[in-house]
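Subject: Structure for your review

Dear colleague,

Please find the structure below, followed by a short account of what was found in it.

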Amino acid sequence: MSDLKDLQKIAKKFIDDRDWRQFQTLKDLSMNAAVESAELMEIFLWKDRKFEDSIMNHEDKKTESKIKNEVSDILFSCLAIADQMDFDLEEAYRNKMDELNRRYDVNEVRGKITKIGSPDHGGT
C-alpha cells in the first residue's frame, strides 16, 4: 500500500513527464480541484435517497466507478498542489485533524450537526 508521499511522487512524475509544470499554477490547480468537486456533486444532483442507497449497496457499478474517478481527480489536484508548494500533505492533514479534534469535542458535538469556525478564517 502506498502512502501519500508515494502518491505525490506519482503525480509529480505524471506532470513532469508531460512537461505540464508550466501549466500547473496554484490558481489552476485549485480551480481544477473545485471543478472536479463539482463533477462529483453533479453525479448526485437531483437524485433521491434510493440512488445513494444503490451506490452504497454496490448495485450501481457504473456510478460507483464515476465516483471513484472524480474522487481520484480531486486527490490528484491536492497531491499536485502539495508537490508544487513542496509540503508534506500527510503532515498537513494530520495537523488539520488535530485542529478539528480540538474544535469539535466529541462530548459536545456527538450526534449534532454543528459548524464551529476556525480562529483564522471562520471555516473548516
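How many nonpolar, polar and charged residues does the lining of the largest pocket have? There are eight nonpolar, no polar and no charged residues in this lining. Here Ala, Val, Leu, Ile, Met, Phe, Trp, Tyr, Cys and Pro count as nonpolar, Asp, Glu, Lys and Arg as charged, and the others, Gly among them, as polar.

This is a predicted model, in which local features need pLDDT of at least 70 and side-chain atom pairs count only at pLDDT 80 or more, while totals for chains, interfaces and linings use all residues. Residues are numbered from 1 along each chain as its sequence is written, and side-chain values use heavy atoms, with hydrogens and water left out.

The largest pocket holds about 160 Å³ of space. A pocket is found on a 1 Å grid over the protein atoms alone, as an open set of points where a 1.4 Å probe fits, with protein on both sides within 12 Å along at least five of seven lines; lining residues have an atom within 4 Å of a point. The lining consists of Leu4, Leu75, Cys78, Ile81, Ala82, Phe87, Leu89 and Tyr93. Helix 4 (61-85) gives the largest share, four residues. Helices are DSSP runs (H or I, at least four residues), numbered from the N terminus.

The largest nonpolar core has six residues: Leu40, Ile43, Phe51, Ile55, Ile67 and Ile74. Helix 2, helix 3 (49-56) and helix 4 each supply at least two of them. Such a core is a set of buried Ala, Val, Leu, Ile, Met, Phe, Trp, Tyr and Cys residues joined through side-chain atoms within 4.5 Å. Buried means under 20% relative accessible area, exposed over 50%, and partly exposed in between (1.4 Å probe, protein chains only).

Two polar or charged residues also deserve mention. Gln24, in the loop between helix 1 (4-17) and helix 2 (26-44), counts as buried because its relative accessibility is 12%. Not counting residues up to four places away in sequence, Gln24 touches Ile15, Leu29, Ala80 and Gln84, where contact means heavy atoms within 4.5 Å. Glu64 in helix 4 is likewise buried, because its relative accessibility is 12%.

Finally, Trp46 has a positive phi of about 65 degrees although it is not a glycine. Trp46 lies in the loop between helix 2 and helix 3 and counts as exposed, because its relative accessibility is 79%.

Yours sincerely

How values were computed
Helices (H or I, at least four residues) and strands (E, at least two) are DSSP runs, numbered from the N terminus. Grid points are joined across faces, edges and corners, and a volume is the space filled by probe spheres set on the points.
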